[in-house]
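Open the model in your viewer and keep the sequence panel at hand. We will go from the whole chain to single residues, one selection at a time.

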Amino acid sequence: MSRQQGVPVIAIDGPSGSGKGTIARRVANALGWHLLDSGALYRLVALAAERRGIGLADTEALAGVAADLNVRFGTGADQDEEIWLDDELVTEAARTEEAGAGASAVAALQPVRDALLSRQKAFRRPPGLVADGRDMGTQVFADAVLKVFLVATPEERAKRRHKQLKDKGIDVSLAALSRDIENRDRRDSERPVAPLVPAEDARILDSSGRSVDAVTKTVLDWIAELGIAGQG
Ligand code: C5P
């Protein structure tokens, strides 16, 4: 077994707006482990492609963009995630609904997924990794020591996303957001490659009506219950 394989991974998958990103960050911080926001990689492929004028039909060029992605993740003063693309801070641009829809389109292409695979695996470093996305537990880290599949009702997910955007001064109608979320869910769940489905051994966690603290506590309790410890 390689040293990397011995490093424990906690996979947190689920649909958009289920709270995976927030919960994954809280859990990683609580454990002092590394964090992989895999969705950001797909968002950045879409963003970089758009900037280079590459269309969604050009699979080969998109896979090239994914392979050459010059990305760096950092933490801002308020502990928020910072995303750098080609040394430009693109956190906001990567978080828009357009980038999300573009991500969902490029993510359906197997060559793009293949091009991002080794990059995602490289995040697995001691003492451990918390990885969030759609296929962390089913494909990228199928040997994860804990697989959580986070869900929430579509209404609650749309409301959360609405609040997030509103806090950032972005005005989008709740109805339009609900439609976007529904479309993205459908595309992510029905695609033939790496569809959004819980791993067979995943624990389903419903975050509807529960606070971030409460959901984080449930995951940390599972980690303690399973005796999961970091390496090194
Ligand atoms: O999680 P986030 O909303 O940032 O993901 C954006 C899109 O990227 C998703 O809708 C999905 O299509 C794609 N994605 C994926 N596999 C992952 C993470 C994200 O296909 N592991």
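**The whole chain**

For 232 residues, a compact globule would have a radius of gyration near 17 Å, and the chain agrees, since its value is 17 Å. That radius is taken over C-alpha atoms, and the globule rule is 2.2 Å times the number of residues to the power 0.38. What you see is a predicted model, in which local features need pLDDT of at least 70 and side-chain atom pairs count only at pLDDT 80 or more, while totals for chains, interfaces and linings use all residues. Residues are numbered from 1 along each chain as its sequence is written, and side-chain values use heavy atoms, with hydrogens and water left out.

Show the C-alpha trace: along its principal axes it spans about 50 × 40 × 40 Å. Switch to cartoon and you have 10 helices and eight strands (DSSP runs numbered from the N terminus, helices being H or I with at least four residues and strands E with at least two). Of the 232 residues, 45% count as buried; buried means under 20% relative accessible area, exposed over 50%, and partly exposed in between, with a 1.4 Å probe and protein chains only.

**Strand E1**

Now select residues 9-13, strand E1. Five of its five residues are buried, so E1 is largely enclosed by the rest of the structure. Show the side chains: Val9, Ala11 and Asp13 point one way, Ile10 and Ile12 the other.

Which strands pair with E1? Add residues 129-133, strand E6, which runs parallel to E1 and is joined to it by five bridges; alanine 11 has alanine 131 as its bridge partner there. Then add residues 146-151, strand E7, also parallel to E1 and joined by four bridges, with isoleucine 10 opposite leucine 146. Two strands count as paired if DSSP finds at least two bridges between them.

**Helix H8**

Select residues 154-167. Helix H8 has 14 residues and reaches 20 Å from first C-alpha to last, close to the 20 Å expected at 1.5 Å a residue (1.5 Å times one less than the number of residues). Colour Arg157, Ala158, Arg161 and Leu165, which are buried. Look down the axis of H8: these buried residues fall within an arc of 95°, so they line one face of the helix (the arc is that of the directions from the helix axis to the C-beta atoms). On the other side, Glu155, Lys159, Lys163, Lys166 and Asp167 are exposed.

What do the buried residues of H8 pack against? Show helix H5 (97-106) and helix H9 (174-190) to see the partners. Just past H8, click on glycine 169, whose phi is positive, near 80°.

**Two residues to zoom in on**

In helix H9, pick aspartate 185. Aspartate 185 counts as buried because its relative accessibility is 17%. Beyond its neighbours within four places in sequence, it is in contact (heavy atoms within 4.5 Å) with Pro15, Ser16 and Arg157.

Then move to leucine 116 in helix H6 (residues 110-121). With 0% relative accessibility, leucine 116 counts as buried. Setting aside neighbours within four places in sequence, its contacts are Leu41, Tyr42, Val45, Ala66 and Leu69.

**Last stop: an open sheet**

Finally, select strands E3, E4 and E5, an open antiparallel sheet in the order E3-E4-E5. E3 (71-75) and E5 (88-89) stand at the edges with a single partner strand each, so one side of each is left without a neighbour in the sheet. Two bridges join E4 (residues 81-85) to E5, and leucine 85 stands opposite glutamate 88.
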